[in-house]
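Let's walk through some side-chain contacts and a couple of annotated stretches, question by question. Have a look at the model before we start.

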Amino acid sequence: MSTPQPFFTRAQTGLHSNSEMLKEEHEVAVLGTPHGPATSTSTVIHIHSDTSVPDHVVWSLFNTLFLNCCCLGFVAFAYSVKSRDRKMVGDLTGAQAYASTAKCLNVWALVLSILGTILIIVATVVSVQNLT
């Protein structure tokens, strides 16, 4: 790494040779633009992180492992993964559509599994009472 040398203009040094002009251009390129009243432009990028699309992956995984009525939990898990993929790509509309489908499938899987469990319990109780 080279150490910066003081920047002198040709008027201050009194030299007008080509090598001095090349050295001066090199120093300007290394040191950057001079600090002065020149206007500088800047670009500001605002990233909004408040738009959160829930993908329901955990709920879908739970339904897949424990309450997989009619394979709805597995299908909901597939839609949840698609929603997460769309969110990673930046397609929030597609992510929201897949998440909505996954949520609907998860609700149906949960409701059908709860109704099935209640039905099995009631059938067991009724059959035990009929035997006695």
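Partly exposed here means a relative accessible area between the two cut-offs: under 20% is buried and over 50% is exposed. Keep in mind that this is a predicted model.

Q: Is K87 buried, partly exposed or exposed?
A: Buried would need a value under 20%, and exposed one over 50%. K87 comes out at 29% relative accessibility, so it counts as partly exposed.

Q: How many salt bridges does the structure hold?
A: To count, a side-chain nitrogen of Lys or Arg has to be within 4 Å of a carboxyl oxygen of Asp or Glu. D55 and R84 qualify, with their closest N and O atoms 2.8 Å apart, and K87 with D55 does too at 3.7 Å. Add R86 with D91 at 3.5 Å, and the structure's total is three.

Q: How many residues apart in sequence are the parts that D55 and R84 tie together?
A: The two residues form a salt bridge. D55 sits in the loop between α2 (18-31) and α3 (57-65), while R84 belongs to helix α4 (residues 72-89), so the parts tied together are separated in sequence by 29 residues.

Q: Which of D55 and R84 is buried?
A: The cut-off for buried is under 20% relative accessible area. R84 is partly exposed at 41%. At 9%, the buried partner is D55.

Q: How many residues apart in sequence are the parts that K87 and D55 tie together?
A: This pair is a salt bridge with its closest N and O atoms 3.7 Å apart. K87 is in helix α4 and D55 is in the loop between α2 and α3, so the tied parts are apart in sequence by 32 residues.

Q: What is the relative accessibility of R86, which forms a salt bridge with D91?
A: Its partner D91 is partly exposed, with a relative accessible area of 28%. R86 also counts as partly exposed, and its relative accessibility is 30%.

Q: Which residues do salt bridges with shared partners join into one network?
A: D55 forms a salt bridge with R84, and K87 forms one with D55. Through shared partners, the network is made up of D55, R84 and K87.

Q: Are the rings of F62 and F66 stacked, tilted or edge-to-face?
A: Their centres are 5.1 Å apart. Planes under 30 degrees apart would be stacked and over 60 edge-to-face. These planes sit at 45 degrees, so the pair is tilted.

Q: Is F66 buried or exposed?
A: F62 is partly exposed, with a relative accessible area of 41%. F66 has 59% relative accessibility, and the cut-off for the top class is over 50%, so F66 counts as exposed.

Q: How many residues apart are Y79 and Y98?
A: Their ring centres are 5.8 Å apart with planes at 45 degrees, so this is a tilted pair. Y79 is in helix α4 and Y98 in helix α5 (residues 92-131), and the pair links distant parts of the chain, with a separation of 19 residues.

Q: Which ring does the charged end of K82 sit over?
A: The distance limit for such a contact is within 6 Å of the ring centre. The charged end of K82 is 5.4 Å from the centre, and the ring belongs to Y79.

Q: How far apart are the end C-alpha atoms over residues 107-128?
A: The UniProt annotation "transmembrane region", from an unreviewed entry, covers residues 57-79 and 107-128. Residues 57-79 are 74% helix, with end C-alpha atoms 9 Å apart. Residues 107-128 are 100% helix, and their end C-alpha atoms are separated by 32 Å.

Key:
Residues numbered from 1 in each chain as written. Predicted model: local features only at pLDDT ≥ 70, side-chain atom pairs only at ≥ 80, totals over all residues. Heavy atoms only, no water. Helix = DSSP H or I, 4+ residues; strand = E, 2+ residues; numbered from the N terminus. Buried < 20%, exposed > 50% of the residue type's maximum accessible area, 1.4 Å probe, protein only. UniProt positions renumbered as here; feature names shortened; annotations may be inferred. Phe/Tyr/Trp six-rings, centres within 6.5 Å; stacked < 30°, edge-to-face > 60°. Lys NZ or Arg CZ within 6 Å of the ring centre and 35° of its normal.
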